[in-house]
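Visitor: I'm new to this one, and I'd like a close look at just one part of it. Could you pick a spot where two pieces pack together and walk me through it?

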Amino acid sequence: MDPKGRVIARGRARSRPAQQAPQQQQQAAAPSQPISRPNVPGERGDASSLLKPLSQMTVRDEGSEQQVGRGNIRGRRRINIENVLKTRPSTVDNKKGTSGKSIQLTSNYFPLITKTDWCLYHYRVDYAPDEDQTNVRKMLLRPHKDKIGEYIFDGTMMFTSNRLKPDVVDFFSVRDTDKQNIKITVKLVGDLMMGDGHYLQVYNILMRQCLKNLKLQLIGRDHYDAAAKSSYDDLKLEVWPGYKTSIRQHDPSILMCAEITHKIVRKENAYELYTKHINYDPSKYKDTFTNEILGSVILTCYNNKTYRIDDIDFNNSPRSTFTRNGEQVSYITYMKEKYNLRVQYPNQPMLVHKAKEREIRAGMSELIYLIPEFCQLTGLSEEMRNDFRFTRALADKTRVGAKERVKRLLNLNKRFLEEPKVVEDLRKWNMTLSSKLVQFNGRVLPSENILLGGADNKVSSGDNVDWTNSLRSNPMRLVMALRKWIIIFPARHSQGINQFISQLVKVGQGMDFPISQP
């Protein structure tokens with residue numbers, strides 16, 4: 001309790017009971033796809049565990065306080081926050097400085113001019129048998145729009161301004177791929193009023209829907225423009241430009257943050273890389289292949305999800321089986337039935353992704369098995385990193401200057417305002433996005449002097465705030481010899497480690513900084 005006798009809630013860390021040791025399971029579904037609980041890759045779980053901390057929160061309702069459980073925070077009640085971070089002393093009117101030259105700056109935020117302020121109803125949507133692909137989930141729910149009304153759906157949560165009766169409603173749809181009858185259960189979670197924490201989630205789901213209507217492709221959590229990709233055929237690589245968006249409350253306004261991002265997608269899959277290592281050195285291909293692919297991120301071709309590779313299982317192959325709905329099913333059969341994909345190389349090893357703790361809590365299997373021929377490689381290989389001309393050309397593509405960044409963001413905004421489907425979606429939910437980025441005044445501070453070693457040896461930081469060349473060719477102001485040190489590195493980087501050490505020693509000599517061998 002606080003000095004006024006009010007109850008203050010404190011969160012509790014939840015963990016497994018000591019008696020229950022986690023069991024290591026072999027996941028069904030080569031590509032991390034949910035099949036049957038609990039040992040299926042990528043399976044969706046019950047999100048109720050995410051809501052449990054709310055059961056101990058204290059809420060204020062018209063002057064009174066009461067403890068509420070999951071699903072009870074409704075209407076205009078708010079979570080009581082006693083401690084608010086204060087970044088300005090009470091004696092200070094503002095935090096603006098006075099030095100430097102005033103300049104107008106442009107941010108990467110678009111204001112929401114108008115926004116939905118209706119009471120919305122929050123529903124959870126479950127499928128039986130389970131369906132892990134979000135686009136298929138949306139397609140199965142779409143035929144029932146006349147009964148539900150206008151809604152926003154992200155694959156699990158649905159928001160609508162119409163309350164369904166009763167609170168739990170079952171619909172039935174037929175899945176096109178296998179003509180199986182799917183039961184869709186729509187269950188009321190609660191209602192949302194303007195100001196509730198989940199209300200911003202509605203805006204973000206709607207914005208992702210708008211990005212999809214611009215024909216941008218969802219890869220991982222971000223959207224990329226395949227039509228604007230740059231190809232490097234000699235290196236079998238593509239660079240896809242894309243966008244990250246996030247709508248949040250920035251007192252006193254709600255703003256959409258938009259950032260420029262890029263995805264490097266290689267024109268070869270993990271199986272092609274595997275055969276390359278076999279052909280190069282048949283006696284050591286397992287070690288060399290493992291060293292190169294371990295820790296890399298792949299993109300699955302059937303659901304556009306990204307996974308980090310944590311291990312290679314040479315003892316299993318697509319012919320191996322797992323338990324699905326009580327029956328033993330091979331990965332070959334699963335891929336054919338689930339995604340209509342035929343495995344061409346049945347003897348290839350399996351890639352293994354270890355799910356994060358939060359993914360396991362959400363119902364995903366601890367180990368997710370992936371078939372190499374369906375895994376597109378991303379990122380740069382060692383060969384690409386060593387190609388100076390390529391890395392320079394890549395930098396020109398991915399390092400976007402301020403003016404070009406503003407230009408691209410305004411172009412994205414123009415597409416929002418001109419695409420009929422996007423305009424219609426925003427109109428339905430009473431949302432209007434400003435055509436201008438947020439601007440504000442800033443200050444350019446005078447250049448600082450960087451003090452180096454030697455008598456009165458100093459250089460200006462310059463307009464670009466870059467003194468790298470001066471630092472590399474002048475002694476440091478205070479130097480101590482580095483005699484005893486160690487270097488820890490991943491095994492896959494062992495080939496270039498000696499070159500790195502020699503370069504480090506060489507640079508230290510120019511700075512009068514003696515570095516011994518590790």
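Guide: Here is a walk around one helix pair, with a couple of backbone oddities from elsewhere at the end. This is a predicted model, so local features need pLDDT of at least 70 and side-chain atom pairs count only at pLDDT 80 or more, while totals for chains, interfaces and linings use all residues. Residues are numbered from 1 along each chain as its sequence is written, and side-chain values use heavy atoms, with hydrogens and water left out.

Let's start with helix 5, residues 270-280, and helix 6, residues 285-293 (helices are DSSP runs of H or I with at least four residues, strands are E runs of at least two, both numbered from the N terminus). Their axes are 8 Å apart and the packing angle is about 140° (axes are lines fitted to C-alpha atoms over the stretch in contact, and angles between N-to-C directions run from 0 to 180 degrees). That makes helix 5 and helix 6 oblique to each other, the class left over once angles under 35 degrees (roughly parallel), over 145 (roughly antiparallel) and 65 to 115 (roughly perpendicular) are taken out. Helix 5 passes helix 6 in a right-handed crossing, with the near helix turned clockwise from the far one by less than a right angle.

Who touches whom? From helix 5 come Ala 270, Leu 273, Tyr 274, His 277 and Ile 278, and they meet Tyr 285, Thr 288, Phe 289, Glu 292 and Ile 293 of helix 6 (contact means heavy atoms within 4.5 Å). Sorted by class, this contact has seven nonpolar residues, two polar and one charged.

Now zoom in on helix 6, where Tyr 285, Phe 289, Thr 290 and Ile 293 are the buried residues (under 20% relative accessible area, with exposed over 50% and partly exposed in between, using a 1.4 Å probe and protein chains only). They span an arc of only 125° around the axis, so they sit on the same side of helix 6 (the arc is taken from the directions from the axis to the C-beta atoms). Those buried residues pack against helix 5, and also against strand 18 (311-313), strand 21 (350-354) and strand 23 (375-378). After helix 6 comes Gly 295, with a positive phi near 90°.

Asn 430 has a positive phi too, about 55°, although it is not a glycine. Asn 430 sits in the loop between helix 12 (420-428) and strand 24 (432-433), and its 34% relative accessibility makes it partly exposed. Finally, the peptide bond from Ala 128 to Pro 129 is cis, with omega near -5°.

Methods:
Nonpolar A, V, L, I, M, F, W, Y, C, P; charged D, E, K, R; others polar.
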